[in-house]
Structure formats: C-alpha cells, structure tokens
Amino acid sequence: MRVSIYAAAGAEKAGAYDKIVSMRELKIVTEVKVYKYAELPDEYRKAVDEAKAAAMKAYAPYSGFHVGAAVLLDNGEAVSGNNQENAAYPSGLCAERVTMFYANAHYPEAAPVALAIASHTGGAFTDEPVTPCGACRQVLLETEGRYGRDIRILLYGEKHIYMINSARELLPLSFAKESLLSR
Ligand code: THU
C-alpha cells in the first residue's frame, strides 16, 4: 500500500495544487507471515481447524460462500462462528463479526488474542487466504482498542496461511476512538 501526502502553498487559489512546493511521502508496510498448515504453532493450528469446521455450518444460501471464524481468548476459551445470510441481503452478517460479537458478549473480561478465518465455496476451501471485509476490520480494530491487546489474524488458504500481527495492520489510517478525541 502506498500513501502520499502533498502540501501546496496558496492552496486557497483554484489550481494551486498544480504547483507543489513541498512533498512528503509516507509508506505504510504490513508484515504478512506466510505459513504452511503444518508449520503453524499448535494453538493457531487449532484456531484454523475450528474456523474450518465453523465454515461448514455457515448459513450462506445466497452467496454459496461459507466463511468460518474462530477466536482464541486469553482465558483459554475458543469461540467459533460463521456467516449468517438473509433474503434481505444487508441483514446478514459476516463470520468474523458473528464470532467476535459472540466472544465479547459471553466473555467480556477476556481479551481476544487470535482470530482465524477460513472460507469454503464451490465444494472446497479457497486456495488463497480469505481476507476480512472492511466492516469486519473496523470491528476487529475496535476490539483491539477495547482490550488493549493485538489480535493475531490467521487467514486460511489451502496453499498457504497468512498471519498478520494485528487488526491495526489490516486497516491503516483507520478511524478509532482516538480520532473522536483528536482535533
Ligand atoms: N463474508 C464473511 O463472512 N466474511 C468475510 O470476510 C467476507 C465475506 C460473507 C458475507 C456473505 O455472507 C458472503 O461471505 C459473501 O460475501
């Protein structure tokens, strides 16, 4: 991802941005570790297994895209869930949010430490890792802020599994509670 910030003098004048007098460029880097299933640490392999099992129980008659998620909590519990679709499409919810909201509702004192996601479509798990939608990233970010702890994100694909250190890294330049307080 590339982010550029431009500054211009006399910006109040129409067309002033044609004359860029100084420029700074910020690069935002997200570190993604790529694992084979067998290389995963045990606890993460367990999370991936639970996400895969949950995907098989998804309610996805409209998209045929069955997503499962599993959250590991710092109290040792694991919670899994899946996408729940609806004939009124926007009324449905993604696997990640179903799962994270369930975890937060039932274990409000336990910090989520890892989230695994897997998706099954056309009779097989996807070859490439499935990545969470923007709204789910926003919810994961809120959860990190709420518990003050990074959540490892494990994205399952048959070929390889991606691990990202935090939801924050999946959603750069994000809007969070700090944004409400800043001016
Ligand atoms: N979906 C998820 O559950 N998680 C994602 O990260 C992406 C999409 C669901 C929503 C919908 O039920 C189906 O997959 C197709 O978009």
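Let's start with one residue: Glu 25 sits in strand β2, which covers residues 20-27. The model you are looking at is a predicted one. Is Glu 25 buried or exposed, or something in between? Its relative accessible area is 35%, so Glu 25 counts as partly exposed, because that label covers values between 20% and 50%. The side chain of Glu 25 also has a partner: a polar contact of 2.9 Å links Glu 25 with the side chain of Lys 27.

## The chain as a whole

Now step back and look at the overall fold. How many helices and strands does the chain have? There are five helices and nine strands. If you trace the chain from the N terminus, the elements come in the order β-β-β-α-β-β-α-β-β-α-β-β-α-α.

The chain has 183 residues, and 39% of them are buried. Its accessible surface is about 10500 Å², and carbon and sulfur atoms supply 54% of that area. Contacts tell you how the chain folds back on itself: among those with a separation of 6 or more, 63% are between residues 24 or more positions apart.

## Strand β6 and its partners

Strand β6 is a good place to linger. It spans residues 112-121, and nine of its ten residues are buried. Which strands does β6 pair with? With β4, the pairing is antiparallel and has eight bridges. With strand β8 (residues 152-156), the pairing is parallel and has four bridges. With strand β7 (residues 124-125), the sense is antiparallel again, over two bridges.

β4 has a pairing with strand β5 (residues 78-82) too, antiparallel and with five bridges. To find these pairings in the structure, you can look for the facing residues below.

| Strand pair | Facing residues |
|---|---|
| β4 and β6 | Gly 68 and Ala 118 |
| β6 and β8 | Ala 116 and Leu 154 |
| β6 and β7 | His 120 and Phe 125 |
| β4 and β5 | Val 71 and Val 79 |

Two of these pairs form hairpins, and a glycine is worth finding in each. Between β6 and β7 there are two residues, and Gly 122 in this hairpin has a positive phi near 60 degrees. The hairpin of β4 and β5 has four residues between its strands, and here Gly 76 has a positive phi near 90 degrees.

## The ligand and its surroundings

Next, find the ligand. Which residues surround it? The shell is made of Ser 63, Phe 65, Val 67, Asn 83, Glu 85, Cys 94, Ala 95, Glu 96, Thr 131, Pro 132 and Cys 133. Sorted by character, these shell residues are six nonpolar, three polar and two charged.

Some of them place N or O atoms beside oxygen atoms of the ligand. A polar atom in the side chain of Glu 85 is 2.5 Å from a ligand oxygen. For Glu 96, an N or O atom of the side chain is likewise 2.5 Å from an oxygen atom of the ligand. Ala 95 takes part through its backbone, where an N or O atom lies 2.8 Å from a ligand oxygen. On its own, the ligand would expose 370 Å², and the protein buries 76% of that area.

## Phe 65, a member of the shell

Phe 65 belongs to the ligand's shell, and it lies in the loop between α1 (42-55) and β4 (66-73). Its relative accessibility is 32%, so Phe 65 is partly exposed. Beyond its neighbours within four places in sequence, Phe 65 is in contact with Ala 60, Asn 83, Glu 85, Ser 119, His 120, Thr 121, Thr 126 and Val 130. Take Asn 83 from that list: it is 18 residues away from Phe 65 along the chain, yet their C-alpha atoms are separated by 8.7 Å.

## Asn 104, a buried helix residue

Finally, visit helix α2 (residues 95-106), where you will find Asn 104. Why does Asn 104 count as buried? Its relative accessible area is 10%, and the label applies because this value is under 20%. Setting aside neighbours within four places in sequence, Asn 104 is in contact with Pro 112, Thr 143, Arg 146 and Tyr 147. One of these, Pro 112, is in the residue range of β6, the mostly covered strand you met earlier.

Conventions:
Residues are numbered from 1 along each chain as its sequence is written. This is a predicted model: local features need pLDDT of at least 70, side-chain atom pairs count only at pLDDT 80 or more; totals for chains, interfaces and linings use all residues. Side-chain values use heavy atoms; hydrogens and water are left out. Buried means under 20% relative accessible area, exposed over 50%, partly exposed in between (1.4 Å probe, protein chains only). Contact means heavy atoms within 4.5 Å. A residue is near a molecule or strand if one of its heavy atoms lies within 4 Å of it. A polar contact is a pair of N or O atoms within 3.5 Å; within protein, one must be able to donate a hydrogen and the other to accept it, and residues adjacent in sequence count only if both atoms are side-chain atoms. Accessible areas come from the Shrake-Rupley method with a 1.4 Å probe; for residues, only the protein chains shown count as cover. Ala, Val, Leu, Ile, Met, Phe, Trp, Tyr, Cys and Pro count as nonpolar, Asp, Glu, Lys and Arg as charged, and the others, Gly among them, as polar. Two strands pair if DSSP finds at least two bridges between them.
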